[in-house]
Amino acid sequence: MARPADEVTSHVRPKLLGRMTQRAVVEALHAGGPLSRMDIARRTGISATTVSSAVALLAEAGFVEDDERAVVGPGRPRQLLRLAATSQLIGVSVEPEWCELVAGGLDGHPAPGRHARFPTPNTYARLLAEVERHARGWTDGYPGRTLGLGLTLPG
């Protein structure tokens with residue numbers, strides 16, 4: 001016997017809404033960060049409580065972190081949040097003649113010393129081995145999290 005649609009979707013909605021809220025927080029920080037939780041709530045129209053819950057999940061996953069600055073004004077100083085600089089992403093661009101790798105934080109800044117360029121290997125296995133060699137060198141012993149590796153190919 002099939003369950004009514006609202007019973008099925010009622011289990012999906014909270015997860016979807018949570019992800020949409022997290023995405024809105026990340027987009028607000030990307031567009032105008034660093035921001036306080038209250039600033040994010042004002043910009044997104046999402047309640048401050050919901051923003052705080054989303055921020056806690058994003059911080060645990062390594063996507064956002066506290067900024068060292070705080071907003072001082074009337075009342076308690078507000079802690080600013082930013083996209084994580086201590087978490088890294090690795091980007092790989094494969095071109096016909098060369099490959100390029102770069103690592104950087106979610107804040108959009110490349111990490112010093114984490115750039116490599118080499119001739120494109122002539123086999124897929126050698127390409128993967130070379131990318132892995134560089135990526136492992138940047139992830140082993142890295143104090144933060146490596147959240148992923150993105151690959152672009154021509155065409």
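G91 stands opposite V102 in β5. This pairing lies in a predicted model. G91 itself belongs to strand β4, which spans residues 88-94. Strand β5 covers residues 98-105. The two strands pair in the antiparallel sense, and 7 bridges link them. L89 also faces a partner in β5, namely G104. A hairpin of 3 residues carries the chain from β4 to β5.

Strand β4 has a further partner. It pairs with strand β7, residues 146-152, in the parallel sense. Here 6 bridges are found. One facing pair is Q88 and T146, the latter in β7. Strand β4 thus takes part in an antiparallel pairing with β5 and a parallel pairing with β7. The strand is mostly covered, with 5 of its 7 residues buried.

Strand β5 also pairs with strand β6, which runs through residues 110-119. This pairing is antiparallel and has 6 bridges. C99 is set opposite F118 in β6. A hairpin connects β5 and β6, with 4 residues between them. In its turn, G108 has a positive phi of about 90°. Side chains in a regular strand alternate between the two faces of the sheet.

A116 sits in strand β6. Is this residue buried or exposed? A116 counts as buried because its relative accessibility is 9%, and the cut-off for burial is under 20%. Setting aside neighbours within four places in sequence, A116 is in contact with five named residues: C99, E100, L101, H134 and W138. Of these, C99, E100 and L101 fall within the residue range of β5. The C-alpha atoms of A116 and E100 are separated by 5.6 Å, although the two residues are 16 apart along the chain.

The chain as a whole contains 4 helices and 7 strands. Their order along the sequence is α-β-α-α-β-β-β-β-β-α-β. The chain has 155 residues, and 29% of them count as buried. Contacts also reach across the sequence. Among those between residues at least 6 apart, 46% join residues at least 24 apart. The exposed area of the chain is about 10200 Å². Carbon and sulfur atoms supply 57% of that area.

Strand β2, residues 64-71, contains D67. What makes D67 count as buried? D67 counts as buried because its relative accessibility is 5%, with the cut-off at under 20%. The side chain of D67 makes a polar contact with the side chain of R82, at 3.3 Å. R82 is also listed among the residues that D67 touches, along with P34, Q79, L80 and L81. That list leaves out residues up to four places away in sequence.

Attention now turns to the helices. Helix α1 comprises residues 5-32 and includes L17. L17 contributes to a nonpolar surface patch together with L16 and M20. The area of this patch is about 310 Å². In an α-helix there are 3.6 residues a turn, so residues three or four places apart point the same way.

Helix α2 covers residues 37-44. Within this helix, D39, I40 and A41 are buried. Just after α2, G45 takes a positive phi of about 80°. The loop between α2 and α3 contains I46, and α3 itself spans residues 48-61. Which residues does I46 contact beyond its neighbours within four places in sequence? They are T21, A24, A41 and V51. A41 is one of the buried residues of α2. T21 and A24 fall within the residue range of α1, and V51 within that of α3. The C-alpha atoms of I46 and A24 are separated by 8.8 Å, and the two residues lie 22 apart along the chain.

Definitions and conventions: Residues are numbered from 1 along each chain as its sequence is written. This is a predicted model: local features need pLDDT of at least 70, side-chain atom pairs count only at pLDDT 80 or more; totals for chains, interfaces and linings use all residues. Side-chain values use heavy atoms; hydrogens and water are left out. Patches are made of residues with over 30% relative accessible area and no salt bridge: like charges are joined within 9 Å, nonpolar side chains (Val, Leu, Ile, Met, Phe, Trp, Tyr) within 5 Å. Accessible areas come from the Shrake-Rupley method with a 1.4 Å probe; for residues, only the protein chains shown count as cover. A salt bridge is a side-chain nitrogen of Lys or Arg within 4 Å of a carboxyl oxygen of Asp or Glu. Buried means under 20% relative accessible area, exposed over 50%, partly exposed in between (1.4 Å probe, protein chains only). A polar contact is a pair of N or O atoms within 3.5 Å; within protein, one must be able to donate a hydrogen and the other to accept it, and residues adjacent in sequence count only if both atoms are side-chain atoms. Contact means heavy atoms within 4.5 Å. Two strands pair if DSSP finds at least two bridges between them.
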